[in-house]
Amino acid sequence: MTLEDHLSPEIKQLIDRAQTEMSQKNWHDAAETLITVYESLTTFDINYRLVTALFMDEQYQLAASYADDFLYNYLEEETDFRMVVTLAIQNQNFVYAQQIAVLWHDEVVKSAVLKDVRRAESEAQETMATTFQTIGRQFYHLSDYDMLQQRDRYESARHLPVAEFVKGAQFLLVDPYVTPIIRATLFEDLQKLQVEGDIAYRWLDDKTYTINLSQVSLLVDSPIFETVADLLDERLGHDDPIAMDMLAQQVRFEMTLLYPRVTEIITNPEAWVTASIAQYYDKSTDNEPAEQRKWHQHVRSLIASFFAN
């Protein structure tokens, strides 16, 4: 029995309508129809049709937001990969465009796509010089703003040419007045851009360290991250999947703040997970090692403060 056998007549009718609209190159109506379908049928097939219709209708921002739902599916075929990079370029989100581009396995294709990103940056610099100067100035002086404004200006900075973004990010990584979550996010951004060479960064203890990003794996690829994720799934996956999803996000933020010194701090992953679950259910526990408990409480406080704004 196929998926189509389980679809309601209404959904089947909408899919047929969207197919007709796309064959007639009526991209706007096709996108509207597929958005309705996607609310009930969130599959890559429908997502692909929707993103394609939005792309052809030049609704690039909306297309990119939907493509993110199945990003790794778009990295399986070269034409799909090029489309999502093109979406990022059309949205002048040059940082994200490069972060996607470097994920491609073929070096020749990757190099060609990165040249497309550089070309688009150059064109944008000619037409948006004043805008880029304003965004860059606000980015460099991020610590002059409150927490909410720091978040907004960081998002704007992702539209800068990559070289300018990297230069500003390296400066901000040692700025003591930039919020730790912004610094941690910038650190992760530089990793995803595959920035080479040593960089300095200020960690949660307010000390400055130097690291070569190419020599450390991304947080989500690290053994400690996998261990904690598996423990959460083991404890809550069957009994309370909603709690597991919420705690997975919470723990991801906590470990992002601790990165790249996660293994130094989380010396007892089971105790970290136990304490996280206890806190979620408003219970108490004292099974964490003292140093680990201190940092656990610290990152919780930082996250609570960040999202309160």
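On a 1 Å grid over the protein atoms alone, a pocket is an open set of points with protein on both sides within 12 Å along at least five of seven lines, and its lining residues have an atom within 4 Å of a point. Grid points are joined across faces, edges and corners, and a volume is the space filled by probe spheres set on the points. By that recipe, the largest pocket here comes out at about 1,100 Å³.

Before going further, some housekeeping. This is a predicted model, where local features need pLDDT of at least 70 and side-chain atom pairs count only at pLDDT 80 or more, while totals for chains, interfaces and linings use all residues. Residues are numbered from 1 along each chain as its sequence is written, and side-chain values use heavy atoms, with hydrogens and water left out.

Back to the pocket. Its lining runs to 40 residues, with Gln99, Arg158, Glu188, Asp189 and Lys192 lying nearest the centre. Elements giving two or more residues to that lining are α4, α6, α9 (147-157), α11, α13 and α16 (290-308); helices here are DSSP runs of H or I with at least four residues, numbered from the N terminus. The top contributor is α11, with seven residues.

Gln99 is a good place to zoom in. This residue sits in helix α6 and is buried at 8% relative accessibility (buried means under 20% relative accessible area, exposed over 50%, and partly exposed in between, with a 1.4 Å probe and protein chains only). Its side chain makes a polar contact with the side chain of Asp189 at 2.8 Å; such a contact is a pair of N or O atoms within 3.5 Å, where within protein one must be able to donate a hydrogen and the other to accept it, and residues adjacent in sequence count only if both atoms are side-chain atoms. Leaving aside residues up to four places away in sequence, Gln99 touches Arg158, Asp189, Lys192 and Leu193, with contact meaning heavy atoms within 4.5 Å.

Now for the rings. The structure holds 14 aromatic pairs, counted when ring centres of Phe, Tyr and Trp (its six-membered ring) lie within 6.5 Å, with planes under 30 degrees apart called stacked, over 60 edge-to-face and the rest tilted. One of them is Phe187 with Tyr259, edge-to-face at 6.1 Å centre to centre and 75° between the planes. Phe187 lies in helix α11 (residues 180-192) and Tyr259 in the loop between α13 and α14, so this pair ties together parts 72 residues apart in sequence. Phe187 is buried at 4%, and Tyr259 is buried too, at 12%. Tyr280 and Tyr281 also pair edge-to-face, at 5.0 Å and 90°. Ring pairs also link Phe44, Tyr48, Phe70 and Tyr74 into a cluster.

Tyr259 has another feature: a cis peptide bond joins Tyr259 to Pro260, with omega about 5°. Pro260 is in the loop between α13 (241-258) and α14 (262-265).

The backbone also has positive phi values outside glycine. Glu58 has a phi of about 60°, and its place is the loop between α3 (44-56) and α4 (60-67). Gln92, with phi near 55°, is in the loop between α5 (78-90) and α6 (94-101). Where Glu58 is exposed at 59%, Gln92 counts as partly exposed at 27%.

Methods
On a 1 Å grid over the protein atoms alone, a cavity is a set of points where a 1.4 Å probe fits but cannot get out, and a pocket is an open set with protein on both sides within 12 Å along at least five of seven lines; lining residues have an atom within 4 Å of a point.
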